[in-house]
Amino acid sequence: MRYLFNQSGYVFLVIALLLSGCTQNNLKDKKQDSLLWYTQPAEKWEEALPMGNGRLGVMVYGKPSHEHIQLNDDSMWPADLGWDEPQGDEKDLEKIRELLFKGKNGKADDLFVEKFSRKKVVRSHQTLGDLFLDFEHQNISDYRRELNISDATTSVSYKSNGNRITQKVFVSHPHRAIIIEMTSEAEDGLNGKVRLTRPDDNGYPTVKTSTNAKNWLIMQGEVTQRGGVFDNQPAPILEGVKFETCLKINNNGGEVQRGDDFLELKNVKKATFYLVSNSSYYFDDYSQQNRVDLAAIGEREYETLQKEHIRDYRNFYSRVDIKLNDNNRDTIPTDERIARIKAGETDTGLEALLFQYGRYLLISSSREGTNPANLQGLWNQHINAPWNADYHLNINLQMNYWLANVTNLSELNTPLFDYIDRLVENGKETASKNFGCRGAFIPHATDLWAPTWLRAPTAYWGCSVGGGGWLMQHYWQHYAFTKDTTFLGERAFPAIEAVAQFYSDWLIEDPRDGLLISAPSTSPENRFFNTKGQPVATCLGSAMDQQIIAEVFDNYRAACEVMQVKSALLDTIMLQRQQLRPGFVIGSEGRILEWDREYPETEPGHRHMSHLYGFHPGISITKDKTPELFKAVRKTLDYRLKNGGAGTGWSRAWLINCSARLLDGDMAHEHIQLLFKKSMYKNLFDAHPPFQIDGNFGYTAGVAEMLLQSHEENTLRLLPALPSAWQHGHVTGLKARNGLTVDIYWKANRLQKAIIYCESDNHFNLVYEDTTVSVEVKSGEGYEYKPSR
């Protein structure tokens with residue numbers, strides 16, 4: 001049963017009215033569905049509740065005696081001191097290739113690191129500091145701490161000596177500020193000191209805190225890295241981004257007094273905290289910007305600011321709604337729900353909440369004009385963070401943005417594209433200087449300053465050439481979802497062309513068979529035993545490199561067709577594509593080979609599944625078009641898992657996505673359960689461990705992939721991997737390629753109906769189970785599908 005309707009027509013109005021009524025009737029339930037809540041304060045950072053506006057962030061502990069709100073800023077980095085490319089050049093590259101031709105992989109590894117890597121590098125994203133509220137409330141009862149992800153607010157409520165104390169916090173994008181309101185029903189109100197601090201850097205103070213005549217608390221500092229390392233050598237960084245954080249408090253009742261480096265509340269019934277912070281990364285006169293920001297909000301009511309904040313936030317968050325079964329466990333604290341899953345229970349309501357939590361975290365850590373979400377998104381308590389809390393490009397940064405288009409947050413890709421554009425520009429110098437190639441080279445890891453030289457003390461860890469091509473996938477997929485030809489021509493095409501040019505120059509002929517290969521080539525963070533039994537990394541054309549280069553060439557050709565571009569580079573690439581060795585080769589045991597030949601693996605259960613790149617997140621393997629390879633992918637994953645694979649949170653999230661692409665909902669759900677059991681902190685942060693945010697974002701993308709797929713040519717697949725555990729539910733507002741928006745409803749594990757809205761003329765195949773329907777819809781029209789009973 002199928003209906004066509006115009007979005008301005010009667011059917012659309014009826015649906016809108018029905019949905020509006022449902023929203024009003026279930027408003028209370030929806031809020032409860034969107035809560036993380038606890039009956040005790042956070043004892044450690046991984047239990048605190050994250051909030052952010054893209055640039056600024058907080059972690060709220062909710063402690064009654066000494067409240068701790070850890071502060072974050074995405075620009076807190078030590079300086080770029082001009083660290084540049086290592087000494088390697090074309091002649092060194094030729095030597096490495098000759099070693100590989102002779103089977104001397106170990107020596108090739110060593111020479112690659114010696115000549116082309118800056119080895120160990122310590123230059124880390126850092127914490128902004130800490131806000132402490134020393135109220136020393138005693139005899140605590142009736143405690144509740146919660147984060148509402150439907151409006152991006154936190155609240156803490158408790159009684160101290162029988163008197164109610166409340167604390168509410170939000171981090172506003174439109175107001176560029178952190179806003180806190182505290183109230184007390186006690187006769188003597190709120191009493192205590194308010195402090196701003198920041199950790200020392202190897203024993204040296206990093207900030208100076210003072211107050212001024214306006215009763216502002218001001219923290220000023222400069223990011224340093226006294227434990228800095230470059231090229232395996234100590235390299236203290238004694239300068240960096242400068243910053244200033246300002247706090248103003250408006251009080252009802254009592255008074256706010258100032259000390260030399262603190263403010264003190266005395267008998268205050270209600271206190272409103274306005275905290276702004278700016279840095280030299282964004283503003284030359286960052287101190288003046290703080291005064292502008294505070295002047296704009298410092299006399300406005302908390303409720304008014306909160307309403308404007310919620311309106312801005314919900315413009316993104318409310319685009320997608322999801323329900324998985326009836327959520328009858330939302331009266332149980334979040335940490336207890338996690339504990340029950342670890343004990344063997346299933347909690348589909350928490351699975352739905354975690355899906356929306358990933359969207360919440362991206363909205364909170366990636367907004368237009370900010371830096372992209374890093375390894376920890378925005379939230380970082382360290383001076384020297386794990387893996388520098390930087391940008392890893394062998395899956396981590398990319399996984400951060402897998403969810404953006406499909407969960408209707410396409411604008412949040414903008415910081416990623418802004419950053420990649422900088423990498424492409426810098427990568428042109430590295431490509432030329434180190435490798436003698438035209439185009440742009442992008443390494444496996446980089447940081448705020450977008451350097452493009454290789455780093456890592458081992459070949460298997462960091463000598464990778466696939467990062468640039470993987471990033472280009474995001475440009476092309478954004479176009480595939482939006483069909484924005486202006487974006488393609490002005491933004492995506494120049495970047496894709498630069499990376500395609502590099503790979504075109506980089507390829508060489510394999511003397512064994514005459515096919516074109518990437519060399520030296522690795523599979524990220526993994527190794528194999530060569531013919532001499534040595535654990536080595538470099539080879540002549542790893543599966544991942546070959547798959548990425550093929551994808552870049554194919555997308556470049558497709559972009560040229562759309563843009564009606566003809567060039568000598570296109571002609572060359574068309575010929576090279578035909579000669580390129582396939583990235584998917586099936587070994588003797590029916591699995592996809594990870595390297596150029598069938599070598600024994602040093603870690604059969606390795607966390608990376610790089611040789612399946614072209615299956616996911618790539619789109620070249622499908623059940624219908626490449627059935628043999630599709631079966632080989634399944635065997636490859638089964639083998640990885642049998643040997644202990646998916647040990648980290650982000651790796652498990654990748655498995656969820658791969659399971660969905662295998663059209664196996666129960667397999668995907670099994671990995672969802674394992675993610676909760678093995679890789680989840682009490683605040684729903686993903687545990688690598690330690691915390692890495694990519695697992696959160698990858699999970700959300702995986703759930704979307706289970707419910708809707710559009711990567712096959714002109715095909716929209718509904719509920720492709722619906723697990724038996726999700727018996728009934730709905731998801732509305734998901735995006736599909738070609739400018740489609742899709743609402744899906746199901747009951748008793750069967751599709752009830754799907755409503756598809758089209759932004760442009762569309763002709764596609766709609767697939768549900770074994771049924772395929774050809775659909776043609778005009779721009780602005782909608783299409784409703786109900787399967788036959």
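**Entry 1: the nine-stranded sheet**

Two strands count as paired if DSSP finds at least two bridges between them. I keep that rule beside me for the sheets. I also note that I am working on a predicted model.

I started with strands β9 and β10. β9 covers residues 163-172 and β10 covers residues 177-184. They pair in the antiparallel sense, over 8 bridges. Which residue stands opposite Lys-168 in β10? I find Glu-181 there.

I then traced the sheet around them. It is an open sheet of 9 strands, with antiparallel pairing. I read the order as β2-β7-β8-β9-β10-β19-β16-β13-β12. The edge strands are β2 (35-38) and β12, and each of them pairs on one side only. Neighbouring strands are turned by 15 degrees against each other on average, direction ignored.

**Entry 2: the seven-stranded sheet**

I turned to an open sheet of 7 strands. Its order is β3-β4-β5-β6-β11-β18-β17, and the pairing is antiparallel. β3 (49-52) and β17 (255-258) are the edge strands, with a partner on one side only. From one strand to the next, the twist averages 20 degrees.

I picked out one pair from this sheet. Strand β5 (residues 66-73) and strand β6 (residues 129-134) run antiparallel and are joined by 6 bridges. His-66 has its bridge partner in β6, and that partner is Asp-134.

**Entry 3: strand β20, face by face**

In a regular strand the side chains alternate between the two faces of the sheet. I checked how that looks in β20, residues 321-324. Which side chains are buried, and which are not? Ile-322 and Leu-324 point to one face and are buried. Asp-321 and Lys-323 point to the other face and are not buried.

I looked for the partner strand next. β20 pairs with β29 (residues 729-736) in the antiparallel sense, over 4 bridges. Ile-322 has Val-731 as its bridge partner in β29.

**Entry 4: cavities**

I went through the cavity search for the whole structure. It finds 5 cavities of 30 Å³ or more. The largest has a volume of about 310 Å³. Its lining has 22 residues, and the closest to its centre are Trp-402, Gln-477, Phe-481, Glu-705 and Arg-737.

Which element gives the most to this lining? I get α13, with 5 residues. The elements that each supply at least two lining residues are α10 (402-406), α13 (467-482), α18 (649-661), α20 (694-707) and β27 (708-709). By class, I note 9 nonpolar, 10 polar and 3 charged residues in the lining.

**Entry 5: cysteines**

I checked for disulfides. The count comes to 0. Why does Cys-463 form no such bond? The closest cysteine sulfur is in Cys-539, 13 Å away, and that is too far for a bond. The cut-off for a disulfide is 2.5 Å between the sulfur atoms.

I also looked up burial. Cys-463 counts as buried because its relative accessibility is 2%. Cys-658 is at 0%, so Cys-658 counts as buried too. The limit for buried is under 20%.

**Entry 6: backbone exceptions**

Most residues other than glycine have a negative phi, and most peptide bonds are trans. I listed some cases that go the other way.

The peptide bond from Ala-519 to Pro-520 is cis, with omega near -5 degrees. Pro-520 is in the loop between β24 (516-517) and β25 (528-529). His-688 and Pro-689 are also joined by a cis peptide bond, with omega about -15 degrees. I place Pro-689 in the loop between α19 (665-678) and α20.

Two entries concern phi. Ala-152 is not a glycine, yet its phi is positive, about 60 degrees. Ala-152 sits in the loop between β7 (140-148) and β8 (153-160). Asn-202 has a positive phi of about 50 degrees and is not a glycine either. Asn-202 lies in the loop between β11 (190-197) and β12 (207-211).

Is Ala-152 buried or exposed? At 5% relative accessibility, Ala-152 is buried. Asn-202 is at 55%, so Asn-202 counts as exposed.

**Entry 7: a contact across the sequence**

Last, I looked up Asp-335. This residue is in helix α7 (residues 334-342). Asp-335 counts as buried, because its relative accessibility is 16%. How far apart are Asp-335 and Lys-682, in sequence and in space? I note 347 residues in sequence and 5.2 Å in space, C-alpha to C-alpha.

Terms used: Residues are numbered from 1 along each chain as its sequence is written. This is a predicted model: local features need pLDDT of at least 70, side-chain atom pairs count only at pLDDT 80 or more; totals for chains, interfaces and linings use all residues. Side-chain values use heavy atoms; hydrogens and water are left out. Axes are lines fitted to C-alpha atoms, for helices over the stretch in contact, and angles run from 0 to 180 degrees between N-to-C directions. On a 1 Å grid over the protein atoms alone, a cavity is a set of points where a 1.4 Å probe fits but cannot get out, and a pocket is an open set with protein on both sides within 12 Å along at least five of seven lines; lining residues have an atom within 4 Å of a point. Grid points are joined across faces, edges and corners, and a volume is the space filled by probe spheres set on the points. Ala, Val, Leu, Ile, Met, Phe, Trp, Tyr, Cys and Pro count as nonpolar, Asp, Glu, Lys and Arg as charged, and the others, Gly among them, as polar. Buried means under 20% relative accessible area, exposed over 50%, partly exposed in between (1.4 Å probe, protein chains only).
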